[in-house]
Amino acid sequence: MIETPREATEPLREDIRLLGGILGQIVREQAGDSVFDLVEKARVESFRVRRSEIDRADLADMFTQVSTSDTIPVIRAFSHFALLANLAEDIHRERRRAVHVAAGEPAPDSTLTATFAKLDAAHLDSTVVADALRGALVSPVITAHPTETRRRTVFETQSRITELMRYRERTALTETETADVDVRLRRQILTLWQTALIRLSRLRIQDEIEVGLRYYDAALFEVVPKINAELRGALRSRWPDADLGREPILRPGSWIGGDRDGNPYVTDEVVRQATTRAAATALEHHLGELETLERELSMSARLVTVTPALDLLAAASQDDSPFRADEPYRRAIRGIRGRLTATAHRILGEAPDHGLDLGLAPYDTPRQMLDELDVVDDSLRRGGDGTIADDGLANLRDSVEVFGFHLSGLDMRQNSDVHETVVAELLAWAGVHADYPSLSEDERVELLSAELSTRRPLTTANAEFSELTAKELAILQAGADAVRTLGAGAVPNYIISMCNSVSDMLEAAVLLKEVGLLDPGSGEAPSCPVGIVPLFETIEDLQQGAATLEATLEVPIYRALVTSRGDSQEVMLGYSDSNKDGGYLAANWALYRAELDLVDAARKTGIRLRLFHGRGGTVGRGGGPSYEAILAQPPGAVAGSLRITEQGEVIAAKYAEPRLAQRNLETLLAATLEATLLDVEGLGDDAEPAYRILDELAALARRAYGELVHETPGFVEYFEMSTPVAEIGALNIGSRPASRKQTTSISDLRAIPWVLSWSQSRVMLPGWYGTGAAFEEWTQGDPERVATLSRLYEKWPFFRTVLSNLAMVMSKSDMGLAARYAELVPDEELRRRVFGKIAEEHERTIRMYKAITGNDTLFADNPGLERSVHNRFPYLEPLNHLQVELLRRYRAGDDSDQTRRGIQLTMNGLATALRNSG
């Protein structure tokens with residue numbers, strides 16, 4: 001029997017009713033009838049607003065007389081509901097996938113099963129696959145975010161609720177057993193209610209480091225090694241002669257603690273903490289797995305035969321316990337555990353959890369540990385115990401292979417302006433040149449090339465420098481120490497923000513040389529374990545990126561350095577600043593064009609290009625569904641490798657628990673394989689005409705966006721007054737300042753508060769503004785031109801993804817709520833003028849979207865989003881109204897802790913509910 005849409009979603013509604021009902025009971029018991037009545041009235045009235053039965057102003061008026069102290073539990077109630085609704089939706093997605101699998105339907109796109117079916121159908125040559133996947137890497141890079149600040153307690157409670165809901169659904173329970181599960185659910189939701197959602201103190205970088213690390217225990221330790229093993233097996237079974245999968249393809253990374261661009265709180269101590277805590281997390285995981293293996297591998301030498309190598313390994317443990325005399329595997333594992341404990345002592349300077357001090361020598365590298373684990377594996381298999389070897393031991397081997405002793409690579413990043421200042425001071429102190437900034441670009445390149453050709457340092461141990469230079473050198477030295485202690489994987493990349501010249505690249509190289517990471521060589525090729533990565537961010541920098549890269553590769557010393565790194569060069573593309581600079585459509589096209597140009601430059605110069613996509617969670621910062629986004633890249637841009645930032649609420653939505661992590665990591669891998677090995681662009685001979693059309697559209701969109709954001713008098717004032725951007729800085733949200741510099745310029749504002757502010761006010765401006773005007777002006781009412789764009793939408797993944805993401809973000813916008821925020825602008829004429837432009841463009845963009853796609857609604861290609869908006873968004877309405885009310889009070893002089901806390905809670909609640917808000 002075929003399910004109707006309502007029947008298919010009824011279990012979701014039942015889950016939401018269950019969780020919401022329990023939460024409601026707890027609110028009544030814990031906060032009292034008056035608060036419960038206010039929450040319930042707000043909920044009912046919100047649904048009446050959605051049905052157009054009452055005016056929004058009536059709902060907003062409910063909160064004007066409510067005391068600030070009474071708003072706090074109301075905000076918490078709706079925030080918790082949003083969190084529980086997210087949880088219910090995740091479970092429902094699992095439920096629907098299980099239904100499709102049970103029905104025998106083909107695996108859906110974005111799964112590895114579906115991808116390998118496509119690759120099998122393509123009958124790919126082994127040599128082609130081997131070349132395309134040489135050095136393959138897929139690396140989600142976790143970055144910090146001000147609204148993803150949930151405490152570990154909240155995080156773990158959510159996980160327990162998720163498991164209870166799964167158990168309740170998938171286990172045949174009696175009525176009594178179901179009631180017992182509901183009691184346990186109530187206990188967890190009560191714990192959630194009585195636990196503060198956010199901390200009282202300002203979030204520190206140290207806190208952000210811990211937040212990032214929690215995802216390893218939560219999911220990544222379990223999932224990443226397993227996916228790598230499955231992927232390796234699938235590749236080798238299909239192309240056995242291609243020597244694929246020698247290195248793990250899936251390798252997570254991190255920015256937290258290494259990204260100091262505009263963040264004065266990153267110090268050498270922070271870098272040391274980031275790398276040391278990461279190492280401790282990896283080592284403690286490995287030691288815990290070894291402790292478990294030691295218990296499990298209880299085979300007796302009286303019953304099994306072991307290899308001579310295993311006997312030697314067992315003897316090397318120096319374990320003389322008579323209770324383990326005939327248990328060689330236990331003794332061998334115990335010896336490995338002892339050596340790893342010694343390694344942890346050497347790296348961390350203290351005893352780790354699960355450690356075992358046997359006085360054995362530490363490992364120098366993870367490879368040495370893997371060699372000993374391989375001895376255990378070989379002995380088990382030779383003795384007919386392959387089934388046992390394929391369990392915990394195989395997982396540990398895969399874990400050590402991918403996580404090593406360092407866990408994940410910490411990228412370091414700094415702005416090119418800072419590099420110039422520091423290098424200038426070093427050159428002046430060393431007597432090389434007194435006024436480096438006065439040099440032309442050619443003169444700078446010549447001087448820097450000379451410095452990179454000699455091992456002579458520019459500093460000495462007792463040199464005295466400015467505070468900035470001393471701090472930068474100390475941070476770089478901390479990175480160098482991590483590489484020497486933990487291996488090259490500890491700090492794999494050094495990223496240059498706002499890179500726009502060859503000298504920007506070479507200045508970073510000089511600084512790496514100063515701390516001993518870059519060795520110019522003495523009659524030999526130069527070498528550096530850390531890759532130098534330009535970050536092209538603004539639209540102009542993106543347009544010139546390929547030329548900058550080619551010019552840098554023409555510098556002999558730099559080209560030799562790239563050659564020593566296997567002719568591999570990474571380039572990072574900034575989605576956030578390009579969007580803030582030129583708007584949604586112009587930025588997306590600038591990125592696509594930049595990738596085309598960089599691929600061409602790589603082909604001409606003979607390098608292997610790896611692109612690092614600096615995407616945020618929201619569409620306004622390059623976010624959106626990962627599978628479609630990767631397939632929308634131009635031909636040659638993926639080439640077996642993909643690095644991509646993951647941040648904000650998106651991290652929890654993707655990696656909070658193993659099933660989510662499995663699905664989302666599979667998506668990245670599936671799309672990378674397809675984009676590398678299959679023709680996914682689909683334009684063929686129509687590519688150049690399509691590119692020219694987008695050139696024209698992007699120029700029109702940028703002009704429309706710039707007219708509002710950069711040219712409209714008073715726009716900055718409107719933005720500051722109609723959104724909570726000022727409060728993001730004032731209320732200590734996040735560890736870094738909201739702006740790179742102490743100015744009110746939009747260009748200096750960080751992308752996260754820019755996008756977050758528009759998301760909170762439900763305008764979502766960075767995800768669409770200017771696009772409708774561009775489409776309208778380009779088509780000029782000509783049906784044939786509209787048809788041209790419709791054909792591109794049908795045929796071209798890039799254009800389809802741009803419009804799909806636009807629809808997604810616009811479906812979360814709400815001009816009615818945005819108008820309430822606009823009322824915070826005291827200047828009535830300014831308010832009317834700017835909001836009028838925004839509302840007109842909003843209507844125009846939706847109209848043009850429908851004309852081009854043929855869709856009747858914004859949800860036509862995303863029924864899951866329609867369900868989510870229908871189920872959840874009425875519960876966001878009170879949070880928006882309460883935020884406006886509290887902002888009004890705060891700006892009127894009510895600077896009480898409760899008002900500040902209330903605003904912060906509304907920000908957190910809305911960000912949690914919207915999921916990809918910043």
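Let's start with two neighbouring strands in this predicted model. Strand E5 covers residues 493-497 and strand E6 covers residues 531-536, and the two pair in the parallel sense over four bridges. If you want a spot to look at, find asparagine 493, which stands opposite glycine 531 in E6.

Follow the sheet onward and you reach E7. E6 and E7 also run parallel, joined by two bridges. Here phenylalanine 536 is the residue to find, as it stands opposite leucine 573 in E7. Next in line is strand E8 (residues 608-614), which runs parallel to E7 and is joined to it by seven bridges. Across that pairing, valine 571 faces leucine 611 in E8.

Here are those three pairings side by side:

| Strand pair | Sense | Bridges | Residues that stand opposite |
|---|---|---|---|
| E5 and E6 | parallel | four | asparagine 493 and glycine 531 |
| E6 and E7 | parallel | two | phenylalanine 536 and leucine 573 |
| E7 and E8 | parallel | seven | valine 571 and leucine 611 |

How enclosed is strand E7 by the rest of the structure? Six of the seven residues in this strand (residues 568-574) are buried, so E7 is largely enclosed.

Now zoom out to the whole sheet. It is an open sheet of nine strands with parallel pairing, in the order E3-E2-E1-E9-E8-E7-E6-E5-E4. At its edges sit strand E3 (409-410) and strand E4 (412-415), each pairing on one side only. Strands like these are held together in a general way: strands of a sheet pair through backbone hydrogen bonds, either parallel or antiparallel. Across E4 and E5 lies helix H15 (residues 416-429), which runs at about 80° to E4.

Helices pack against each other too. Helix H30 (residues 771-779) and helix H31 (residues 783-795) do so at an angle of about 130°, with their axes 8 Å apart. That angle is why H30 and H31 count as oblique to each other. Where do they meet? Phe775, Trp778 and Thr779 come from H30, and they meet Arg785, Val786, Thr788 and Leu789 in H31. Sorted by type, the residues of this contact are four nonpolar, two polar and one charged.

Two leucines are worth a visit. Leucine 360 lies in the loop between helix H12 (328-348) and helix H13 (366-382). Is leucine 360 buried or exposed? Leucine 360 has a relative accessible area of 13%, and residues under 20% count as buried, so this one is buried. Setting aside residues up to four places away in sequence, leucine 360 touches several others, including Ala316, Gly335 and Arg339. Alanine 316 is 44 residues away along the chain, yet its C-alpha atom is separated from that of leucine 360 by 8.8 Å.

The other one, leucine 865, is in helix H35 (residues 863-891). With 10% relative accessibility, leucine 865 counts as buried. Leaving out residues up to four places away in sequence, leucine 865 touches Met808, Ser811, Lys812 and Phe859. Its C-alpha atom is 13 Å from that of serine 813, 52 residues apart along the chain.

Finally, the whole chain. There are 36 helices and nine strands in it. The radius of gyration is 29 Å, close to the 29 Å that the globule rule gives for 918 residues, so the chain is as compact as a globular protein of that length. Along its principal axes, the C-alpha trace spans about 80 × 80 × 60 Å. Buried residues make up 60% of the 918 residues. Of the contacts with a separation of 6 or more, 82% come from residues 24 or more positions apart.

Technical notes. Residues numbered from 1 in each chain as written. Predicted model: local features only at pLDDT ≥ 70, side-chain atom pairs only at ≥ 80, totals over all residues. Heavy atoms only, no water. Pairing = 2+ DSSP bridges. Contact = heavy atoms within 4.5 Å. Axes fitted to C-alpha atoms, helices over the stretch in contact; angles between N-to-C directions. Parallel < 35°, antiparallel > 145°, perpendicular 65-115°, else oblique. Nonpolar A, V, L, I, M, F, W, Y, C, P; charged D, E, K, R; others polar. Rg over C-alpha atoms; globule rule 2.2 N^0.38 Å. Buried < 20%, exposed > 50% of the residue type's maximum accessible area, 1.4 Å probe, protein only.
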